[in-house]
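Reader: Hello! I am new to this structure and would love a close look at a single part of it. Could you walk me through one place where two helices meet, and what lies around it?

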Amino acid sequence: MANMKALVSHPSGDLKLEEVPVPELGNNRYAPHDVLCEVEYCGICGSDIHKWGADKTGVKTTSRSVVAGHEIVSVVKAVGKEVTTVKPGERVVHEIVTMYCGRCPACLEGRFNICNTLPPMEGRAHFVTGGGFATYTVWPEWQLHVLPDAISSKAAVLLEPVAGSVHTIVTRMGVKAGESVAILGPGARGILLAQVCKAIGAGPIIISGMDRDAAFRLAKAKELGADYIVNVEKEDLRKRVAELTRGIGVDVVLENTGSVGPIDESLDIVRKGGRVLWAGGGIRGGIVAPVDTYKVIVKELDIRGEISQIPYDWKTAIHLVATGRVRTEELVTHVYPLEEWYAGFEMAATRSEALRVAIKP
């Protein structure tokens with residue numbers, strides 16, 4: 001059995017570059033619908049950074065040692081005996097929810113991402129069967145999407161977060177053309193959220209950040225879709241939103257920071273009868289924040305969460321990127337070889353000019 005280098009996540013929370021066996025067709029839980037893929041790129045998600053960081057408070061670790069990484073772009077190398085939807089040589093991107101029961105209330109609604117019978121981590125390949133920080137990975141054919149020629153492999157690194165953004169904006173929040181949206185947090189995901197909102201005709205779109213974000217991230221957000229940017233260390237977000245909405249508040253707030261303060265801000269800047277999504281704390285296992293329920297009650301607010309994606313979100317994401325309505329390649333700001341993974345993680349975790357850092361095995 002051949003070996004390969006891979007970045008392995010351990011139950012202790014440690015990430016280590018190790019020699020592991022190359023996955024084999026027919027010898028995995030997806031057979032005979034298994035597909036062997038050669039990884040071109042794998043993006044470093046915020047959830048990966050939290051596993052790498054010294055402070056692992058609240059971070060969900062794997063119950064087994066497994067190859068990490070889930071923002072995967074690859075080329076099909078070989079296919080299992082009953083595979084019919086992809087063939088060798090095709091470029092593909094990988095849906096991350098690969099295990100679900102198919103029988104519970106959520107699955108019967110097509111919401112495989114929240115299968116009632118599996119904990120979230122047990123439904124995602126990069127926690128169970130292995131992800132993309134390696135030369136090869138194996139995936140079920142039903143969770144692969146063939147890339148059109150209009151999307152470069154580098155641009156495709158961010159298709160998983162674009163699909164997540166579609167899930168947030170369209171599937172979960174039902175944002176409509178003409179609705180005002182505030183996005184709290186200007187990282188790669190925040191900028192993608194702004195672009196998807198712009199693509200469906202929502203607006204005005206307001207995105208907030210801090211001093212460290214001003215020179216690059218907030219500027220890029222303005223370039224790619226935000227109508228207004230707010231540096232919360234220079235301006236009062238509540239007052240600025242009130243000015244922009246004539247004191248009414250925005251229709252929709254998308255909290256994407258994972259910090260306590262913006263939870264309260266979201267309740268103040270949304271209009272009565274508006275909608276709020278809290279998602280930023282999910283990658284650390286959630287955050288505990290005090291909530292003034294009076295604001296929720298008297299405003300009759302709808303508050304939702306979100307996690308991962310469903311197949312519709314992926315198809316829509318691919319269409320938006322292929323047609324140029326969402327630009328992703330310029331958000332992949334740095335690429336590192338697998339052997340330099342630590343430097344890549346350090347860049348992603350500490351530098352404001354890094355939006356998405358990718359590993360190229």
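Author: Happy to help; what follows is a look at one helix pair and the core around it. Please keep in mind that this is a predicted model.

Let's start with the two helices. Helix α4 covers residues 159-172 and helix α10 covers residues 311-322. Their axes come within 8 Å and cross at roughly 110°. Angles from 65 to 115 degrees count as roughly perpendicular, and α4 and α10 are therefore roughly perpendicular to each other. The crossing in which α4 passes α10 is right-handed.

Which residues make the contact? From α4 come L159, E160, V162, A163, V166, H167, V170 and T171. Facing them from α10 are Y312, D313, W314, T316, A317, I318, L320 and V321. Sorted by class, this contact has eleven nonpolar residues, three polar ones and two charged ones.

L159 is a good residue to follow next. Leaving aside residues up to four places away in sequence, L159 touches W314, A317, I318 and V321, and also V93, L147 and I151.

That leads us to the largest nonpolar core, which has 46 residues. L159 is among the members that touch the most other members, together with V93, I151, V181, I183 and L254. At least two residues of this core come from each of α4, α10, β9 (181-184), α5 (188-199), β10 (205-209), α6 (211-224) and β12 (250-255). The most come from α5, which gives seven residues. Apart from this core lies another, of 33 residues, including L15, C42, L144 and A348.

Conventions:
Residues are numbered from 1 along each chain as its sequence is written. This is a predicted model: local features need pLDDT of at least 70, side-chain atom pairs count only at pLDDT 80 or more; totals for chains, interfaces and linings use all residues. Side-chain values use heavy atoms; hydrogens and water are left out. Axes are lines fitted to C-alpha atoms, for helices over the stretch in contact, and angles run from 0 to 180 degrees between N-to-C directions. Helices (H or I, at least four residues) and strands (E, at least two) are DSSP runs, numbered from the N terminus. Angles under 35 degrees count as roughly parallel, over 145 as roughly antiparallel, 65 to 115 as roughly perpendicular and the rest as oblique. A crossing is left-handed if the near helix is turned anticlockwise from the far one by less than a right angle, and right-handed if clockwise. Contact means heavy atoms within 4.5 Å. Ala, Val, Leu, Ile, Met, Phe, Trp, Tyr, Cys and Pro count as nonpolar, Asp, Glu, Lys and Arg as charged, and the others, Gly among them, as polar. A nonpolar core is a set of buried Ala, Val, Leu, Ile, Met, Phe, Trp, Tyr and Cys residues joined through side-chain atoms within 4.5 Å. Buried means under 20% relative accessible area, exposed over 50%, partly exposed in between (1.4 Å probe, protein chains only).
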